[in-house]
Amino acid sequence: MRTAGAGLVASRMIGREVRIAGWVHRRRDLGGLVFLDLRDRSGILQVSVGPEWSSELALDAVRGLGVEDVILVRGVVAARPEAARNPDMATGDVEVQASGLEVLNKARTPAIPVYLPPEEELPSEKLRLRHRVLDLRRRELQAKLELRHRLVLAVRNYFDGQGFYEIETPILTKPTPEGARDFLVPSRVHPGEFFALPQSPQIYKQLLMIAGFDRYVQIARCFRDEDLRADRQPEFTQIDVEASFVQPDDIFGWCEGLMAKLAEVADIDATPPFRRLSYHDAMERYGSDRPDMRYDLEIRDCTDVLGALESGILRGAVARGGRIRGLALEGGARLARKQIVALEDAARAAGAPGLLWAKVTETGATGPLGRFFRDDTGARLGVAAGDLLVVAAGADRVTSPALDAARAAAVRALQLPRVTEHAWLWVTGFPVFEDAGDGALAANHHPFVHPDPADAHLLDSDPLAVRGLAYDLVYNGTELGSGSIRNHDADMQTRILALLGLDPDEIARKFGFLLEALRSGAPPHGGIALGVDRLAARFSGGSSLRDVIAFPKTTAARASFEGAPSGVSPEELNALGIRIGAHE
């Protein structure tokens, strides 16, 4: 039907007869001469329809055209007049002079515009998601999805070159211990029983290592029924990797090589080796396990200096076992009160009661904290005239996220310079467990992380102090991937599950098949899962995962363009043996 894509017509084709098909992007009627901008996936091309080179049929057809009509154009490629060339278009030096034009399909007036001048704002995201098909016609979104395609292709080629097999794992799986996050699938063949959609292929890829496949990779679809944010979707895609007879350095090397290849595709920088930072140091210095290292601003412990001041708030926090930690913002005294309130609001949103602050001047300090300063307080803290000190007092679990949020807000308020545009980081040594409250333990990453051999003796006496052979890959403050070395010993895995509160019957029921496989002779193994959606979003400059997913869900976990999820008929429910009760 067509001989070339609209965006691929070039000067070397001048004089050639072509057939081009696509959508009417814009129409400009100059009386006897009509110009169309014809758009397809490859780009936009100008088509001219005039009495000297166009047939009567073409002239008749063009008069009734509207935007987004689908047409087929026959004509000859010609050079544009010098004054009419458009350097901003890839096809700006040429046009097709139409000899014939056929309307393939008429379009009604679009619910949202596909083309907007740069100075105009896009419709709301809610409206664009409702009319996703039209929104996807925008070149900005098509370019992001094109980049995603090229990134995934590079992933497959890279891991093939490293000797990995791509193996598919089940989509209909056994419900997990985190059942509240599972999407359940009822079985018609087995009434009253359910499959679950996988939150990850974690156990299956471990089974593949035990089966002897040695190196596995999969572009895996995963599902999680939880509240959404800009960086979460209920269905997502990950680069799932597992290998046998490895240590963390092996995984780091493969991933750094992969990121270098993907960076070439996206035209960014990823030069190995990447910086490494322990989980403890990341939380201590940045308040986050995914710190944005593009900015040279660290949290400092001010307890020794500020804990001795005549402040009941600070002294009380220290007496209760807390610490006083804060940020010294060079030149921060120039911030207006409204901007400081924004820092306080960021800390409160992260769970802290607030911040105390002091503006340092030539004659002393002002502010809620500054009024307690002594003559030598600023010097002992390393802050000088013109600086702003903001602190949070209390337990680290409260002050760390608060200061992380305040740090991000301070970066924006002060427009701090970046020390690099592309900050890559490995965060290592995550704890195996976290406090679930009431003396219970929860898995920090997941239940299959191998404890650091140096800490294994603490499993019974101080499990929260046990570090795991777990690691995250962070890029510009975004966690791109998470992984670990796994428990390949069935006794160690059973011990971990017991510490997580599972009794022997639960362990056998939920993980018996894995433990049986481990006892059959499991090699040491480990891996990582990297988020394709996050990679594509960050590498394309998108602010949301929805920018790089063709048909994403809204923040309410709905597919508004198709009206999903939706109810089903009583007859369908009866066939599955399901009855819906009252739901609050």
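Is C222 buried or exposed, and what is its relative accessible area? C222 is buried, at a relative accessible area of 1%. The model is predicted. The points below cover the cysteines, the nonpolar cores, the aromatic pairs and the surroundings of R132.

**Cysteines**

- The structure contains zero disulfides.
- C222 takes part in no disulfide, and its nearest cysteine sulfur, that of C255, is 16 Å away. A disulfide requires cysteine sulfur atoms within 2.5 Å, so a separation of 16 Å does not qualify.
- C255 is likewise in no disulfide, with the sulfur of C222 as its nearest cysteine sulfur.
- C255 has a relative accessible area of 2% and is therefore buried, since the cut-off for buried is under 20%.

**Nonpolar cores**

- The largest nonpolar core has 43 residues, of which F159, I239, M259, L262, W424, L530 and F539 touch the most other members.
- Helix α6, spanning residues 248-266, gives the most to this core, contributing nine residues.
- A second core, separate from this one, has 32 residues, among them V449, L497, L500 and L518.

**W424 and its surroundings**

- Not counting residues up to four places away in sequence, W424 touches M259, I268, D269, A270, F274, R275, L473, V474, Y475, L480 and F539.
- M259 and F539, both touched by W424, are listed with W424 among the residues of the largest core that touch the most other members.

**Aromatic pairs**

- Across the whole structure, a search finds 13 aromatic pairs.
- One of these joins W424 and Y475, with 4.4 Å from centre to centre and 35° between the planes; the pair is tilted.
- This pair links distant parts of the chain, since W424 lies in strand β17 (residues 424-428) and Y475 in strand β20 (residues 470-475), 51 residues apart.
- W424 and Y475 are both buried.
- Ring pairs also link Y158, F159, F164 and W254 into a cluster. F159 of this cluster is also named among the residues of the largest core that touch the most other members.

**R132**

- R132 is located in helix α3, which covers residues 132-135.
- With a relative accessibility of 3%, R132 counts as buried, because buried means under 20%.
- The R132 side chain reaches two backbone oxygens: that of I549 at 2.7 Å and that of A550 at 2.8 Å.
- Leaving aside neighbours within four places in sequence, R132 is in contact with L141, R546, I549, A550, F551, P552 and F561. I549 and A550 thus appear both in this contact list and as the residues whose backbone oxygens the R132 side chain reaches.

Key. Residues numbered from 1 in each chain as written. Predicted model: local features only at pLDDT ≥ 70, side-chain atom pairs only at ≥ 80, totals over all residues. Heavy atoms only, no water. Phe/Tyr/Trp six-rings, centres within 6.5 Å; stacked < 30°, edge-to-face > 60°. Helix = DSSP H or I, 4+ residues; strand = E, 2+ residues; numbered from the N terminus. Buried < 20%, exposed > 50% of the residue type's maximum accessible area, 1.4 Å probe, protein only. Polar contact = N/O pair within 3.5 Å; in protein donor to acceptor, adjacent residues only side chain to side chain. Contact = heavy atoms within 4.5 Å. Core = buried A, V, L, I, M, F, W, Y, C linked by side-chain atoms within 4.5 Å.
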